[in-house]
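This briefing covers a sheet, the helices packed on it and a ligand site. Please keep the structure in view while reading.

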Amino acid sequence: MIIPVETKNTALVLQSDIKNNLGLIYFGEKLTKPAEYSAISGMYKQTEDYTGVANAAYTSSGSRNLFEPAITVRHADGNNALDLRYVRHTVEKLDNNVSLVSVFLKDPVYALDVSLFYKVYYNEDVVEQWSSIKNNEKGNVVLKKFASANLYFKGEAFWLNQYHGDWAKEMRPEESKLTHGIKTLDTKLGTRANLFQPSVFMISMDKRATEDEGTVLYGSLEWSGNFRTDLELDNQDNLRIIAGINNYASDYTLKPKEIFTTPAFLYTLSTTGKGLASRNLHNWARNYKLLDGKGDRLTLLNNWEATYFDFNENKLFELIKDTKKLGVDLFLLDDGWFGNKYPRNGDGAGLGDWQENKEKLPNGISSLVKEADNNGVKFGIWIEPEMVNPKSELYEKHPDWIVKQPKREEYYFRNQLELDLTNPKVQDFVFDVVDGLFTKNPNLSYIKWDCNAVIYNAYSATLKDQSHFYIEYVRGLYNVLKRIRVKYPTVPMMLCSGGGGRVDYAALQYFTEYWPSDNTDPMERIFIQWEYSYFYPAIASANHVTDWGKQPIKFRTDVAMMGKLGFDIVVSELADADLRFCQDAIKIYNTLKPVIFHGDQYRLSDPKTNAVASMSYIDANKSSGVIFNYLVNNRYGENSKFPIRMRGLDPSKSYRLTELNLYPATKSSIDSSKTYTGDFLMKIGFNPDVRASRTSVVVKIEAI
Ligand code: DGJ
């Protein structure tokens with residue numbers, strides 16, 4: 001029996017043999033004649049698979065399997081062996097583009113059922129895969145590993161592109177050829193799970209993929225907690241990928257009749273390079289996942305770097321006026337507005353006490369919202385509702401709501417601890433923080449939701465089974481976010497985690513944007529945003545102009561315009577020309593937003609390997625767009641020596657290119673009276689004339 005899971009361009013093909021072992025026989029470019037899928041395996045003359053299950057669609061452990069399992073269990077009678085066999089499958093068309101393939105597996109000896117789900121987004125070439133495990137045994141079954149997905153690839157060689165980082169160093173790429181054995185990508189940080197390593201990765205098959213060439217898989221787990229992906233190159237030289245929640249310290253006990261459903265592992269396969277894979281993911285995210293993915297976003301002025309904790313009502317009133325003067329949509333009040341017994345005047349106190357600080361804000365948030373209203377701008381606010389400082393009233397009142405080991409010394413990350421979101425009472429508290437703000441301030445228009453600590457000393461005072469802690473924490477977080485979205489379905493919220501410590505597609509269902517990094521030095525941001533752009537659309541990337549770095553305001557603003565633009569500077573201290581530049585740039589940005597948010601993104605010149613970074617956004621009709629270009633190498637004489645080849649244009653159209661965002665009193669060296677065909681621009685390219693005196697060049701491209 002052959003089960004093809006097909007998207008527009010790819011096919012993942014499952015097959016059950018006469019003994020009902022379910023294997024993955026192919027994942028690659030779709031064949032014209034589906035009947036030929038069964039002939040694929042015969043074309044390989046690799047070393048023998050002694051087990052007969054090396055290509056299992058969901059590798060079980062304790063029976064014949066000799067490889068890394070997707071699932072490991074301890075049955076009710078203490079036996080550890082599992083052997084899953086195909087029972088049946090269904091294919092449901094959910095709409096014109098989305099279908100669900102469900103495959104049911106069963107252990108012939110034990111009453112344990114596993115279902116594999118493949119949700120197929122046809123046009124986007126995207127699959128979300130997850131599994132559910134049902135205990136039909138008489139007693140408890142313990143799940144010791146419970147992956148979402150298990151893939152299997154044949155290829156001459158495999159290159160892994162993975163990411164690592166830390167605070168202000170998010171999304172640093174590393175590419176390596178996979179060697180035999182297992183490479184594991186994982187996190188055990190609990191919250192802020194991506195701090196050292198996000199779950200996103202790429203695998204190039206046969207040869208290293210480029211933007212336009214090669215077969216490449218992008219993968220990512222839709223989960224905001226501990227994840228684990230095992231990449232195993234086996235004795236046959238095939239690659240097994242097993243991804244899911246990290247089973248680290250997380251044995252999960254399933255009671256009789258109970259079902260455990262894993263989060264989805266998301267993947268897209270492109271046989272024509274990385275560019276298509278990322279555009280497919282962007283489309284999928286905007287169409288199906290990211291909150292308000294097809295909508296608009298608010299430009300804003302944030303006070304974090306302008307004031308840090310040092311502000312009062314008057315100062316904020318001035319900043320609200322500056323918001324208007326600058327010409328952005330919203331003022332965002334950051335950390336430091338709360339706490340009375342333990343005022344939040346630094347990061348050592350106050351978290352958990354979400355009452356306005358009476359000294360700083362004697363008239364509360366509502367007077368700020370009113371002032372914003374009077375100035376014709378919107379008002380947003382920062383919260384970090386999952387956290388508590390030991391110096392807080394909340395800590396004194398509810399010691400049992402806090403994640404810590406009862407008999408051990410407390411250990412802090414940024415002087416704080418997590419609230420125990422596995423506890424429904426704590427979930428209510430966190431929901432009430434948000435709900436209270438909106439109830440008291442119905443005009444509140446934006447939330448920045450921060451999460452600055454990792455989990456140390458994982459323990460819940462109320463959870464029965466401590467090894468469920470990491471999983472129940474994330475589920476608790478989602479419960480709260482779901483409740484917020486039921487009551488406040490559209491209000492924009494930024495997903496922030498001390499920088500980009502928590503960006504993933506499960507969380508982004510509840511958020512309109514994410515904060516990629518606290519590192520806003522534009523030179524750094526070119527690299528950081530570049531790497532995020534493989535996986536997340538520009539509309540979701542909150543980019544702020546700050547005083548980080550040595551670049552002029554134009555460079556900083558141009559870089560921030562490549563996503564959702566914001567400012568975090570002291571507007572009143574801007575030189576006149578700088579202010580005028582920003583005001584004009586915001587007006588221009590407002591005209592470019594549609595194509596930046598909803599267009600197709602093309603990475604044209606990679607800052608990792610070139611002196612010039614170049615990225616374009618082109619609308620669906622290929623009739624207009626914008627190209628951002630930067631000098632990223634300061635060596636003497638470095639410039640855009642060569643034309644930059646465009647992508648995604650219509651070869652038969654003629655285009656005019658005009659420089660935008662010119663600093664006051666400067667002239668462009670680009671002659672906008674000239675036109676070029678798309679054919680010319682894609683084969684020969686265009687030179688934006690980037691050099692030491694023109695380090696940042698924004699070019700509008702329009703078909704005429
Ligand atoms: C970390 C965030 O990433 C910053 O933008 C800022 O909101 C601070 N937290 C506030 O404490």
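Which residue in S23 does Leu333 stand opposite? The residue is Ile381. The model is predicted: local features need pLDDT of at least 70 and side-chain atom pairs count only at pLDDT 80 or more, while totals for chains, interfaces and linings use all residues. Residues are numbered from 1 along each chain as its sequence is written, and side-chain values use heavy atoms, without hydrogens and water.

**Sheet**
- Eight strands (DSSP E runs of at least two residues, numbered from the N terminus) make up an open sheet with parallel pairing, ordered S28-S27-S26-S23-S22-S21-S30-S29.
- Strands S28 (513-514) and S29 (542-545) are at the edges with a single partner strand each, so one side of each has no neighbour in the sheet.
- S22 (residues 330-333) and S23 (residues 378-383) run parallel and are joined by four bridges; pairing requires at least two DSSP bridges.

**Helices** (DSSP H or I runs of at least four residues)
- Helix H6 (residues 424-440) lies across S23 and S26 (444-449), at about 150° to S26; angles run from 0 to 180 degrees between N-to-C directions of axes fitted to C-alpha atoms, for helices over the stretch in contact.
- Helix H9 (residues 553-560) packs on the sheet and touches S29 and S30 (564-567), its direction making about 170° with that of S29; contact means heavy atoms within 4.5 Å.

**Ligand site**
- Around the ligand are 13 residues, of which Asp334, Asp335, Lys448, Asp450 and Asp518 come nearest; the cut-off is a heavy atom within 4 Å.
- A side-chain N or O atom of Asp335 is 2.6 Å from a ligand oxygen atom, and one of Trp382 is 3.1 Å from a ligand oxygen atom.

Key: Polar contact = N/O pair within 3.5 Å; in protein donor to acceptor, adjacent residues only side chain to side chain.
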